[in-house]
Amino acid sequence: MSRQTQAIILLLLGGSVMRASVTDQYLNYVKPGLRGFLIAAAVLLLLAGAYTLWQDLRPARTAQTSPGEHGHEHEHHSPRIAWLLLLPAFGLLLVAPPALGSYAAGRTGTALAAPSDYAPLPEGDPVRIGLLDYASRAIFDQGRSLGDRRVQLTGFVMPGPDGTPILARMIVSCCAADARPIKVALGGDLLAGLGSDPNQEQWFEVVGVYDDRTVKDPVNAESIPYLRVIEAKAIATPAEQYES
């Protein structure tokens, strides 16, 4: 691999990371708080590529040789494995993998961990909370901190055990590599039949109240709480699909 090729690969990689960082595409892979680090990394890659290209294309210096000696030019090549740097660049520019959805959620058990306590719900009717917050309060607090408050949850619908519609959303600690699903079963007849197609990936905003029923996750046998749905509406896929 010549130095010019190295420079072009660095520019392609930096440009693809920068393009993902200045659009909502980066939200498919990492948390929103990491955007600044992605932009900084892209700038460094672009600067390194531009400097490498400038070094290779600038006028060659006149070789200084002693009488009777001959200057020798050695062209240095990088290992062939460096070509692998093209894969993430082409992946972001040409393929742009989407955020993880029902396919990943259906093959991973629901992720719940018992917190030490539960703060009172915020003001509002309905109150907008995350799926993780609702599921934790429903399972580990037996719904005491939820009471009869109306809550609004957002996620995509997927088929659950025995055809039960499941509202799910992937949560991330850092990036898509550690993503895990949070699942809430939807009770009532309002969403009957939805979620039967695992490729549907339809997003919904649902309003409902605590339901003390649970169902076992077929993947890891953990409990999935229910929500008794009062209102539901289909929405466009949000730019930020992961729940932090």
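**Strand 3 and its neighbours**

Strand 3 (residues 165-171) is largely enclosed by the rest of the structure, because 7 of its 7 residues are buried. Here, buried means under 20% relative accessible area, with exposed being over 50% and partly exposed lying in between (1.4 Å probe, protein chains only). Strands (E, at least two residues) and helices (H or I, at least four) are DSSP runs, numbered from the N terminus. The model is a predicted one, so to speak of local features takes a pLDDT of at least 70, side-chain atom pairs count only at pLDDT 80 or more, and totals for chains, interfaces and linings use all residues. Residues are numbered from 1 along each chain as its sequence is written, and side-chain values use heavy atoms, with hydrogens and water left out.

Cover reaches both faces of strand 3. On one side sit Pro165, Leu167, Arg169 and Ile171, and on the other Ile166, Ala168 and Met170, all of them buried.

Next come the partners of this strand. Two strands count as paired if DSSP finds at least two bridges between them. Strand 2 (residues 151-159) runs antiparallel to strand 3, and 4 bridges join the two. Along this pairing, Phe156 is found opposite Ala168. The two strands make a hairpin with 5 residues between them, and in the turn Asp162 has a positive phi of about 55°. Strand 4 (residues 180-187) is also antiparallel to strand 3, with 6 bridges joining them. Ala168 turns up again here, with Lys183 as its bridge partner in strand 4.

Strand 4 is mostly covered too, with 7 of its 8 residues buried. It also pairs with strand 6 (residues 223-235), but here the strands run parallel and are joined by 3 bridges. In this pairing, Gly187 has Arg228 of strand 6 as its bridge partner.

Zooming out to the whole chain, there are 5 helices and 6 strands. Read along the sequence, they follow the pattern α-α-α-α-β-α-β-β-β-β-β. Of the 244 residues in the chain, 39% are buried. Among contacts (heavy atoms within 4.5 Å) with a separation of 6 or more, 70% are between residues 24 or more positions apart. The accessible surface, computed by the Shrake-Rupley method with a 1.4 Å probe (for residues, only the protein chains shown count as cover), comes to about 13,800 Å² for the chain, and 57% of it belongs to carbon and sulfur atoms.
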